[in-house]
Amino acid sequence: MAIREVLRMGDPRLLQPSAPVGDLRDPALAALLADMRDTMRSLDGAGLAAPQVGVPLQLVIFGLEHSPRYPDAAPVPDTVLINPVITPLSDEIEEGWEGCLSVPGMRGLVPRWRRIRYQGVDEHGASVDRSVEGFHARVVQHEVDHLLGMLYPMRIRDLRHFGFMDAFDAGRFPGAGSGLR
Ligand code: NI
């Protein structure tokens with residue numbers, strides 16, 4: 001296991017669509033997953049996608065225990081999601097603050113589907129099929145966006161709501177100092 005370098009925004013590899021994972025028994029996949037877990041934990045992230053460590057495969061991990069750093073966030077189970085598909089469950093859009101390990105130190109207000117179903121498999125080939133809302137839905141959409149070559153700043157509607165986390169006025173922008181990353 002090892003901590004891998006996380007690519008930062010500007011690296012063209014973050015803009016490329018990823019390919020589906022073919023062989024779940026490939027030992028390189030297990031090694032990649034172990035490294036991604038180590039890397040995410042070392043950086044205190046809520047999620048990480050394989051292309052962020054330079055591997056263009058449809059594999060993301062995410063999870064968040066209840067934490068004082070994310071006081072408004074319901075816990076999200078530790079999840080490995082391979083070859084994911086997202087289906088919105090309503091037309092409702094919600095704005096929320098996001099950060100990203102590939103965009104360190106910054107936060108932005110990002111519109112996402114409020115309720116989604118997501119499907120895929122885990123590293124053992126077991127089906128993952130959940131209907132979720134709110135923060136959980138946001139985390140999944142953020143991570144799956146990485147597999148499409150999308151970074152959250154590309155979805156911000158009003159760039160006045162994009163900036164350095166420690167520069168936002170916490171009174172005017174509650175949540176800008178924390179949020180997903
Ligand atoms: Ni990200």
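Okay, quick definition before anything else: when I say buried, I mean under 20% relative accessible area. Also keep in mind that this is a predicted model.

So, is Ser18 buried or exposed? Its relative accessible area is 9%, so Ser18 counts as buried. Along the chain, Ser18 sits in the segment before α1 (27-42). Leaving out residues up to four places away in sequence, Ser18 touches Pro51, Pro56, Leu57, Gln58 and Leu147.

Now the metal. Which protein atoms hold the nickel ion as donors? They're Cys100 (SG), His142 (NE2) and His146 (NE2), at 2.1 to 2.2 Å from the nickel. Written as a sequence pattern, those donor residues go C-x41-H-x3-H. Cys100 is in the loop between β4 (93-98) and β5 (106-113), while His146 is in helix α2 (residues 134-147), so this pair ties together parts 46 residues apart in sequence. Cys100 and His146 are both buried, by the way.

On to the packing. The largest nonpolar core has 18 residues, and Phe62, Leu81, Tyr118 and Val140 are the ones touching the most other members. At least two residues each come from β2 (59-64), β3 (76-88), β6 (115-121), β7 (127-133) and α2. The largest share is from α2, with six residues.

Take Leu81 as an example. Again skipping residues up to four places away in sequence, its contacts include Phe62, Tyr118 and Val140, and also Gln58. You've met Gln58 already, as one of the residues that Ser18 touches.

Last thing: there's a second, separate core of 16 residues, and among them are Met36, Val53, Val55 and Leu101.

Notes:
Residues are numbered from 1 along each chain as its sequence is written. This is a predicted model: local features need pLDDT of at least 70, side-chain atom pairs count only at pLDDT 80 or more; totals for chains, interfaces and linings use all residues. Side-chain values use heavy atoms; hydrogens and water are left out. Donors are N, O and S atoms within 2.8 Å of the metal (3.2 Å for Na, K and Ca); water is not among the atoms, so sites may look incomplete. Helices (H or I, at least four residues) and strands (E, at least two) are DSSP runs, numbered from the N terminus. Buried means under 20% relative accessible area, exposed over 50%, partly exposed in between (1.4 Å probe, protein chains only). A nonpolar core is a set of buried Ala, Val, Leu, Ile, Met, Phe, Trp, Tyr and Cys residues joined through side-chain atoms within 4.5 Å. Contact means heavy atoms within 4.5 Å.
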